Amino acid sequence: MCSEQNREKRRQGRIMKRISLKLKLTLLYTFFMVLLTCAALAILFSLSNREVLSSTQSKLERRVQESVEDISLRNGEIRIDSDFYSIVRDVYLSLYSGDMYFMYGRVPRGFGQQPELADGQMQTIRDGNMEWYVYDMSYRLSDDQTVYIRGITSITDAEESFTVTLRFALILLPLMVLATAVIGYRFTRRTLLPVRKMTETVRQIRADADLSRRIGFEETGGRRDRDEIYILGRTFDEMLGELEEVFRREQQFTSDASHELRTPVSVILAQCDAMLAEDNAFTEEQREQIRLIRRKAQAMADMIAQLLFLSRADQGRQPLRREHINVSELTEMISEEQQMLAEARDRGIRVETKISPEIWMDVDETFYIRMLVNLLSNAIRYSREDGRVEVALEKSGNMVIGSVRDYGTGISQEDLPHIWERFYQADASRTGESHAGLGLSMVRWIAEAHGGSVSAESTEGKGSIFTFRIPAEENISEKNEKM
């Protein structure tokens, strides 16, 4: 039983999470307004019912008392004015002698009883489905003659008129609920418009990685300046400004540091080459040490070049030089080159291709080569001995879809979302190799700069597949404007 209740609570919790804040506030506002309206109507109808019955009794008493003016005694004979027979305020009047003898007047249809006379008392008589108020009042015509005036009115008719009012109110209640919900929704929507604007701005910042965007809640000197949401928006803009400045300084530092490091690294490489060119100046052990220094310096030079590339890309100073080229042939050439490099490592890795012929695109040839080389070199690096790497390229609609697949170590699901981050390396045991974890960041930038995207799927221990999608046909001028 407890487990079923817990499941029901979790289900309700999931439903509430899927409901937007705007709808939640509207439902809450409508619920409380309907609750207050129903409570007010219940109290009002309860009091009104009592008031109707009290008013009916009062009308009956007044009518009976006023009817005295319609009764007179002339020459020992009772005279009744015609107004006595009129039905005023739904009250029927009749005149009785002291011994309950009916003399004059009218009795309502359906009233078949004859209750005892009770001077000054209000009687409630039920006759079948009908209920009546009966009020008797004695009236002395002369010293030796007293008559009784009886007034009769229907309680059922009075309650039915009240019931009609109640039904009308119940018919109006759904309309009131609907009107309350619509008004509440519009009010909530208007109140949350700044939040919506903030959300859209954040989404645009995430999509474009553009920290220069602002929400734009400026101070106006009015009521908005005291609104908590507008204050939050302005605070968010200030934070964005500070973050933009921090990232700008970081980008500038990366660019400056990379430029400054290029010269000493180039000197180290040049000196290593010069020393290795001398045949008898060093022993074999010393020459091996120089080669090690050169490899590390070359790795540093490659990393500096990648950092400069990404720094220029972040600052928007890395333009694309597009050409209309046959990417099928270019991909085949890159695959053959990587096959030769794989054979030089003597690990028995094969690069297999499945490339559709004659696919033409407007791309930056240098960047396209760099993207594919990065993907292939990673696939070869993480492949097992005597493994294979598959390269595929095809055109689907207006998109060119390419993929590089290996059957190597794979990437854990925990690490997979982070592989596009700079300097991130899923396999900590490989940090000693010549790569620094910048290649995939470059791949993603190149794909997105061409108006496309790149994704990765991997199973740990079974391998990975990287897929890039680039529009095949797009106006070059439009692309340059995007850049």
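Strand β9 (residues 350–355) and strand β11 (residues 388–396) run parallel and are joined by six bridges; helices (H or I, at least four residues) and strands (E, at least two) are DSSP runs, numbered from the N terminus, and two strands count as paired if DSSP finds at least two bridges between them. This is a predicted model, in which local features need pLDDT of at least 70 and side-chain atom pairs count only at pLDDT 80 or more, while totals for chains, interfaces and linings use all residues. Residues are numbered from 1 along each chain as its sequence is written, and side-chain values use heavy atoms, with hydrogens and water left out.

To find the β9–β11 pairing on your screen, look for E352, whose bridge partner in β11 is E390. Strand β11 also pairs with strand β12 (residues 399–406), this time antiparallel and through eight bridges. Here S396 stands opposite M399 of β12. The hairpin of β11 and β12 has two residues between the strands, and G397 takes a positive phi near 65° there.

Now let us turn to helix α8. Its 18 residues, 365–382, should span 26 Å at 1.5 Å a residue, and the end C-alpha atoms are indeed 26 Å apart, which agrees; the expected span is 1.5 Å times one less than the number of residues. At the start of α8, a side-chain oxygen of D364 comes to within 3.1 Å of the backbone nitrogen of T366. The buried residues of α8 include F367, Y368, M371 and L372, as well as I380 and R381; buried means under 20% relative accessible area, exposed over 50%, and partly exposed in between (1.4 Å probe, protein chains only).

Helix α9 (residues 439–449) is mostly covered, with nine of its eleven residues buried. Among them are L440, M442, V443, W445 and I446. After α9 comes G451, with a positive phi near 85°.

Elsewhere, five strands form an open sheet with antiparallel pairing, in the order β4-β3-β7-β6-β5. At its edges lie β4 (102–105) and β5 (122–127), each pairing on one side only. Direction ignored, neighbouring strands of this sheet are turned by 30° against each other on average, where axes are lines fitted to C-alpha atoms, for helices over the stretch in contact, and angles run from 0 to 180 degrees between N-to-C directions. At the β5 edge, six bridges join β5 to strand β6 (residues 130–142), and the two run antiparallel. Q123 is a handy place to look, with V134 as its bridge partner in β6.

Terms used. Polar contact = N/O pair within 3.5 Å; in protein donor to acceptor, adjacent residues only side chain to side chain.
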